[in-house]
Amino acid sequence: MVSIVKQFFNKYVTSSPDTPDRASDHSLQIATAALLIEMMRADSKTSDEERSTIATAIQSKFKLTEAETNALLKLAEDEIWESTGYYEFTSLINKGFTYEQKLKVIELLWEVAFADRELDKHEEYMVRKIADLIYVEHKDFIDTKLKVRDKKLIS
(Lines give C-alpha, C1' and ligand atoms only; values in the text may rest on other atoms or scores of the structure.)
Protein backbone atom coordinates (compact mmCIF):
# COMPACT_ATOMS: atom_id res chain seq x y z
CA MET A 1 0.00 0.00 0.00
CA VAL A 2 2.84 2.40 0.78
CA SER A 3 4.21 2.04 -2.74
CA ILE A 4 0.78 2.82 -4.23
CA VAL A 5 0.55 5.97 -2.11
CA LYS A 6 4.09 6.99 -3.15
CA GLN A 7 3.27 6.40 -6.81
CA PHE A 8 0.18 8.58 -6.54
CA PHE A 9 1.99 11.48 -4.97
CA ASN A 10 5.02 11.20 -7.23
CA LYS A 11 2.71 11.23 -10.25
CA TYR A 12 0.19 13.88 -9.21
CA VAL A 13 1.52 16.04 -6.42
CA THR A 14 4.72 17.99 -6.69
CA SER A 15 6.59 19.20 -3.65
CA SER A 16 7.05 22.88 -3.13
CA PRO A 17 9.79 24.53 -1.10
CA ASP A 18 7.32 26.21 1.25
CA THR A 19 5.84 22.85 2.33
CA PRO A 20 8.77 20.72 3.45
CA ASP A 21 6.67 18.04 5.15
CA ARG A 22 4.57 16.89 2.18
CA ALA A 23 4.12 13.40 3.62
CA SER A 24 1.86 14.72 6.35
CA ASP A 25 -0.12 16.70 3.76
CA HIS A 26 -0.65 13.51 1.76
CA SER A 27 -1.76 11.59 4.83
CA LEU A 28 -4.18 14.35 5.74
CA GLN A 29 -5.67 14.33 2.27
CA ILE A 30 -6.22 10.57 2.38
CA ALA A 31 -7.61 10.75 5.94
CA THR A 32 -10.07 13.50 4.98
CA ALA A 33 -11.16 11.70 1.82
CA ALA A 34 -11.59 8.44 3.73
CA LEU A 35 -13.84 10.07 6.32
CA LEU A 36 -15.96 11.66 3.60
CA ILE A 37 -16.33 8.31 1.84
CA GLU A 38 -17.30 6.68 5.13
CA MET A 39 -19.91 9.41 5.60
CA MET A 40 -21.37 8.60 2.20
CA ARG A 41 -21.72 4.96 3.28
CA ALA A 42 -23.13 5.73 6.75
CA ASP A 43 -26.79 5.36 5.76
CA SER A 44 -26.19 2.29 3.56
CA LYS A 45 -27.31 4.26 0.49
CA THR A 46 -24.91 6.02 -1.80
CA SER A 47 -26.14 8.61 -4.24
CA ASP A 48 -24.65 10.46 -7.18
CA GLU A 49 -25.15 13.70 -5.23
CA GLU A 50 -23.01 12.36 -2.37
CA ARG A 51 -20.28 11.17 -4.73
CA SER A 52 -20.25 14.51 -6.52
CA THR A 53 -20.16 16.42 -3.22
CA ILE A 54 -17.16 14.39 -2.05
CA ALA A 55 -15.23 14.87 -5.30
CA THR A 56 -15.95 18.61 -5.35
CA ALA A 57 -15.02 19.00 -1.68
CA ILE A 58 -11.73 17.13 -2.04
CA GLN A 59 -10.80 18.89 -5.26
CA SER A 60 -11.55 22.31 -3.77
CA LYS A 61 -10.04 21.76 -0.33
CA PHE A 62 -6.73 20.38 -1.59
CA LYS A 63 -6.63 22.22 -4.95
CA LEU A 64 -6.34 19.04 -7.01
CA THR A 65 -7.15 18.32 -10.62
CA GLU A 66 -9.96 15.94 -11.50
CA ALA A 67 -7.49 13.12 -12.18
CA GLU A 68 -5.71 13.74 -8.87
CA THR A 69 -9.04 13.81 -7.05
CA ASN A 70 -10.14 10.51 -8.59
CA ALA A 71 -6.83 8.88 -7.74
CA LEU A 72 -6.95 10.21 -4.17
CA LEU A 73 -10.50 8.92 -3.68
CA LYS A 74 -9.45 5.50 -4.98
CA LEU A 75 -6.53 5.47 -2.53
CA ALA A 76 -8.82 6.53 0.31
CA GLU A 77 -11.25 3.70 -0.51
CA ASP A 78 -8.36 1.23 -0.43
CA GLU A 79 -7.24 2.61 2.93
CA ILE A 80 -10.78 2.23 4.33
CA TRP A 81 -10.77 -1.47 3.48
CA GLU A 82 -7.49 -1.90 5.36
CA SER A 83 -8.43 0.23 8.37
CA THR A 84 -9.98 -1.00 11.58
CA GLY A 85 -11.86 2.17 12.43
CA TYR A 86 -11.81 5.95 12.31
CA TYR A 87 -8.94 6.38 14.76
CA GLU A 88 -6.13 6.15 12.23
CA PHE A 89 -7.78 8.90 10.17
CA THR A 90 -8.85 11.13 13.04
CA SER A 91 -5.46 10.87 14.75
CA LEU A 92 -3.79 12.22 11.59
CA ILE A 93 -6.27 15.07 11.50
CA ASN A 94 -5.62 15.83 15.17
CA LYS A 95 -1.89 15.98 14.56
CA GLY A 96 -1.96 17.91 11.31
CA PHE A 97 -4.94 20.25 11.28
CA THR A 98 -5.64 23.44 13.17
CA TYR A 99 -8.98 23.81 14.92
CA GLU A 100 -10.32 25.84 11.96
CA GLN A 101 -9.27 23.08 9.55
CA LYS A 102 -11.00 20.52 11.75
CA LEU A 103 -14.16 22.63 11.56
CA LYS A 104 -13.85 22.54 7.77
CA VAL A 105 -13.68 18.73 7.90
CA ILE A 106 -16.88 18.68 9.98
CA GLU A 107 -18.50 21.07 7.52
CA LEU A 108 -17.52 18.80 4.63
CA LEU A 109 -18.97 15.80 6.46
CA TRP A 110 -22.25 17.69 6.90
CA GLU A 111 -22.22 18.58 3.20
CA VAL A 112 -22.01 14.90 2.31
CA ALA A 113 -24.70 14.03 4.87
CA PHE A 114 -27.07 16.65 3.43
CA ALA A 115 -26.12 16.04 -0.23
CA ASP A 116 -29.27 13.99 -0.85
CA ARG A 117 -31.33 16.48 1.22
CA GLU A 118 -32.07 13.76 3.79
CA LEU A 119 -30.25 13.47 7.09
CA ASP A 120 -30.20 9.89 8.30
CA LYS A 121 -29.68 9.20 12.01
CA HIS A 122 -26.57 7.14 11.16
CA GLU A 123 -25.08 10.09 9.30
CA GLU A 124 -25.71 12.45 12.19
CA TYR A 125 -24.22 9.93 14.63
CA MET A 126 -21.11 9.59 12.48
CA VAL A 127 -20.51 13.34 12.29
CA ARG A 128 -20.96 13.59 16.05
CA LYS A 129 -18.52 10.73 16.62
CA ILE A 130 -15.87 12.21 14.35
CA ALA A 131 -16.35 15.66 15.86
CA ASP A 132 -15.68 14.12 19.27
CA LEU A 133 -12.62 12.26 18.00
CA ILE A 134 -11.09 15.41 16.54
CA TYR A 135 -12.04 17.51 19.57
CA VAL A 136 -14.53 19.86 17.94
CA GLU A 137 -16.71 21.59 20.50
CA HIS A 138 -20.42 20.75 20.54
CA LYS A 139 -21.39 24.36 19.78
CA ASP A 140 -19.24 24.32 16.64
CA PHE A 141 -20.63 20.90 15.68
CA ILE A 142 -24.16 22.36 15.83
CA ASP A 143 -23.21 25.64 14.13
CA THR A 144 -21.67 23.83 11.15
CA LYS A 145 -24.69 21.54 10.91
CA LEU A 146 -27.10 24.48 10.79
CA LYS A 147 -24.91 26.40 8.34
CA VAL A 148 -24.80 23.49 5.87
CA ARG A 149 -28.45 22.53 6.38
CA ASP A 150 -29.63 26.10 5.75
CA LYS A 151 -27.41 26.39 2.67
CA LYS A 152 -28.83 23.11 1.27
CA LEU A 153 -32.43 24.18 1.96
CA ILE A 154 -31.95 27.50 0.18
CA SER A 155 -30.30 26.06 -2.93
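## Exercises on helices, contacts and salt bridges

E38, R41 and E77 are tied together in a network of salt bridges. A salt bridge here is a side-chain nitrogen of Lys or Arg within 4 Å of a carboxyl oxygen of Asp or Glu.

Some ground rules before you start. This is a predicted model, where local features need pLDDT of at least 70 and side-chain atom pairs count only at pLDDT 80 or more, while totals for chains, interfaces and linings use all residues. Residues are numbered from 1 along each chain as its sequence is written, and side-chain values use heavy atoms, with hydrogens and water left out.

**Exercise 1. Find the salt-bridge partners of E107 and place them in the fold.**

Step 1: locate E107. Its place is in helix α6, residues 99-113. Helices are DSSP runs (H or I, at least four residues), numbered from the N terminus.

Step 2: check accessibility. E107 is buried, at a relative accessible area of 10%. The cut-offs are under 20% relative accessible area for buried, over 50% for exposed, and partly exposed in between (1.4 Å probe, protein chains only).

Step 3: take the K104 partner. The side chains of E107 and K104 form a salt bridge at 3.8 Å, N to O. These two sit three residues apart in helix α6, so about one helical turn separates them. K104 has 33% relative accessibility, so K104 counts as partly exposed.

Step 4: take the K147 partner. E107 and K147 also meet in a salt bridge, this one at 3.1 Å, N to O. That pair links distant parts of the chain, with E107 in helix α6 and K147 in helix α8 (residues 138-154), 40 residues apart. K147 comes out partly exposed because its relative accessibility is 48%.

Step 5: list the other contacts. Leaving out residues up to four places away in sequence, E107 touches T144, K147, V148 and K151. Contact means heavy atoms within 4.5 Å.

**Exercise 2. Work out which residues L108 and L36 touch, and how buried each one is.**

Step 1: start with L108. You'll find L108 in helix α6, and its 3% relative accessibility makes it buried.

Step 2: collect its contacts. Not counting residues up to four places away in sequence, L108 touches T32, L36, A57 and K61. Take K61 from that set: L108 and K61 are 47 residues apart in sequence, yet their C-alpha atoms are 9.4 Å apart in space.

Step 3: hop over to L36. L36 belongs to helix α2, residues 22-41. With 1% relative accessibility, L36 counts as buried.

Step 4: collect the L36 contacts. Neighbours within four places in sequence aside, L36 is in contact with I54, A57, I58, L108, L109 and V112. For a backbone distance, try E50: its C-alpha lies 9.3 Å from that of L36, with the two positions 14 residues apart along the chain.

**Exercise 3. Test whether helix α3 has the length you'd expect, then look at what follows it.**

Step 1: compute the expected span. The recipe is 1.5 Å times one less than the number of residues.

Step 2: compare. Helix α3 (residues 48-62) has 15 residues and should span 21 Å; its end C-alpha atoms are 21 Å apart, so the two values agree.

Step 3: pick out the buried residues. In α3 these are E50, T53, I54, A55, A57, I58 and F62.

Step 4: step off the end. Just after α3, K63 takes a positive phi of about 55°, although K63 is not a glycine. K63 lies in the loop between α3 and α4 and counts as exposed because its relative accessibility is 69%.

Step 5: look for another such case. R117 is also a residue other than glycine with a positive phi, near 65°, and R117 sits in the loop between α6 and α7 (121-133).

**Exercise 4. How many salt bridges does the rule give, and where does the K74 and D78 pair sit?**

Step 1: count. The rule gives eleven salt bridges.

Step 2: examine the pair. The side chains of K74 and D78 meet at 2.9 Å, N to O, in a salt bridge.

Step 3: place it. Both residues, K74 and D78, lie in helix α4 (residues 66-82), four residues apart, or about one turn of the helix.

Step 4: check accessibility. K74 reaches 51% relative accessibility, so K74 counts as exposed.
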